[in-house]
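Grab a pencil and have a go at these exercises before peeking at the solutions. Each one starts with a task and then walks through the steps.

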Amino acid sequence: MSKLLIEGGYKLKGKVNISGFKNAAVAIIPASILAGDLCNIENLPNIEDVHVLKRILKELGAKVDFHEEKKVMQVNTANVKECFVSYELAKELRASYYLLGASLGRFKKAKVAFPGGCNIGSRPIDQHIKGFEALGAKVTIEHGIIHAEAEELIGAEIYLDVVSVGATINIMMAACMAKGKTIIENAAKEPHIVDVANFLNAMGADIRGAGTDVIKIKGVEKMKGCTYSVIPDQIEAGTFMLMAAATGGDVIIDNVIPKHLDPITAKLREMGLQVEEYGESLRVVGKDQLKNVNIKTLVYPGFPTDLQQPMSAILTQAKGTSIVTETIYEGRFKHVSELKRMGAKVKVEGNVAVFEGVDRLSGAKVSATDLRAGAALVIAGLMAQGITEVDNVHYIDRGYELIEKKLLNLGAKIKRSE
Ligand code: EPZ
């Protein structure tokens with residue numbers, strides 16, 4: 001089991017290069033099944049979730065070659081038969097549910113065990129199932145395995161009851177080769193929805209409206225291979241912006257789409273920081289004393305739930321009272337008990353956490369309970385006095401490429417111990 005040891009109190013300075021977007025990559029890799037052909041997927045992050053998907057696709061019969069340094073995956077899904085993804089593989093990550101949409105779309109059949117992923121709430125998949133059923137699939141659940149099957153898929157109008165990233169992407173994938181037109185209403189608008197739609201279109205799909213709340217998909221007969229480059233990781237970029245802010249540093253965050261980071265930029269400015277935007281980079285110039293702010297997580301373009309935990313780490317030291325309201329996941333405050341070990345003053349009631357800023361956190365042994373909780377604890381460690389020891393680093397490795405290397409380059413005192 002790896003641990004990260006962080007000595008706090010050093011201002012981050014320099015430039016960090018942001019990797020490809022995890023949450024787009026983990027949908028794009030399964031979506032390649034729809035091509036039945038060779039896809040070159042570029043700018044993939046070298047993270048654990050990508051390696052797990054590589055293993056799953058290989059098991060399904062695909063030829064997969066991931067060049068970690070070039071960050072390119074060549075995946076040929078010509079020999080994939082219909083998907084059966086066992087519990088052992090599906091439990092490794094949330095995104096295993098995308099194999100349902102991709103396999104159903106190509107083979108009109110899929111069998112996938114319930115997905116795993118971060119334990120941050122109940123995370124039902126009823127909207128995915130509702131979408132598949134609307135397209136004409138029969139969906140049953142037996143012994144923890146979701147079976148979806150259709151004679152043929154027929155385009156339909158689907159109104160999502162909940163704005164769901166996963167359901168929007170899964171339905172888009174299943175509908176690409178359905179007969180006729182599918183309309184998804186109340187669709188999610190996150191940047192990775194647009195990225196996945198662009199990838200599907202590059203493979204021959206006909207999808208319009210991604211990035212708005214109405215997505216229209218005209219079914220095509222066949223899809224084909226393509227070369228595609230994944231967009232930069234909005235959440236990794238936001239995490240580094242927060243790291244710069246946490247340490248009062250001066251960091252250029254490179255290879256980003258600044259528009260995707262507007263909600264974070266706005267909050268950091270409200271906290272008294274300077275954020276400069278350039279074409280594909282952002283500069284965050286910190287301050288020694290941060291102002292308190294309130295945060296409410298919302299679907300895009302609101303403040304992303306995936307940055308709520310990293311942001312709350314900073315609020316432990318912002319002057320005054322800050323209120324954090326989590327509206328997406330009921331279980332996303334598990335990092336709070338760990339922050340308290342470091343001296344944070346926080347009260348949680350239901351989906352609201354109230355932070356009273358303290359002068360300085362103190363380094364302690366803490367445990368990551370999920371991916372973004374892990375990032376939050378690293379941020380807390382960067383701010384704290386003394387040494388912070390973060391264990392369960394495998395959660396962090398699922399979504400952040402070379403986190404300690406990137407931090408070392410910025411002047412942090414951090415090392416991994418196995
Ligand atoms: C994606 O999860 C991301 N994961 C999450 O990132 C992210 O937090 C989330 O979107 C919200 O932005 C991946 O892309 C792999 P949702 P997803 O379906 O698709 C409810 C990270 O840290 N819901 O948009 O699973 C659900 O319970 C991870 O990188 C239903 O009720 O999230 C939640 O309250 C964690 N029924 C809300 O909708 C459904 O059928 C949003 O979930 C589906 C979802």
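What follows is a set of four short exercises on this structure.

A word on the ground rules: this is a predicted model, where local features need pLDDT of at least 70, side-chain atom pairs count only at pLDDT 80 or more, and totals for chains, interfaces and linings use all residues. Residues are numbered from 1 along each chain as its sequence is written, and side-chain values use heavy atoms, with hydrogens and water left out.

**Exercise 1. Work out whether the overall dimensions agree with a compact globule.**

Step one: get the extent; the C-alpha trace spans about 65 × 45 × 40 Å along its principal axes.
Step two: apply the globule rule, 2.2 Å times the number of residues to the power 0.38, with the radius of gyration taken over C-alpha atoms.
Step three: compare. For 418 residues the rule puts a compact globule near 22 Å, and the protein has 21 Å, so the two agree.

**Exercise 2. Describe how the chain packs, using burial and contacts.**

Start with burial (under 20% relative accessible area; exposed is over 50%, partly exposed in between, with a 1.4 Å probe and protein chains only). Buried residues make up 58% of the 418.
Next, take contacts (heavy atoms within 4.5 Å). Of those with a separation of 6 or more, 72% join residues 24 or more positions apart.

**Exercise 3. Count the disulfides and explain the case of Cys83.**

Recall that a disulfide is a covalent bond between the sulfur atoms of two cysteines.
Here the test is a pair of cysteine sulfur atoms within 2.5 Å, and the count comes to zero.
For Cys83, the closest cysteine sulfur is in Cys39, 14 Å away, which is too far for a bond.
Cys83 is also buried, because its relative accessibility is 1%. Cys118 counts as buried too, at 12%.

**Exercise 4. Place Cys176 and His260, and list what they touch beyond four places in sequence.**

Helices (H or I, at least four residues) and strands (E, at least two) are DSSP runs, numbered from the N terminus.
Cys176 sits in the loop between α6 (165-175) and β11 (181-185). With 0% relative accessibility, Cys176 is buried. Its contacts are Leu200, Ala205, Ile207, Ile217, Lys218, Gly219, Val220 and Met223. Take Ile217: 41 residues separate Cys176 from Ile217 in sequence, yet their C-alpha atoms are 6.5 Å apart.
His260 belongs to the loop between β15 (250-254) and α9 (262-270). At 13% relative accessibility, His260 is buried, and His260 touches Pro191, Ile231, Gln234 and Tyr300.
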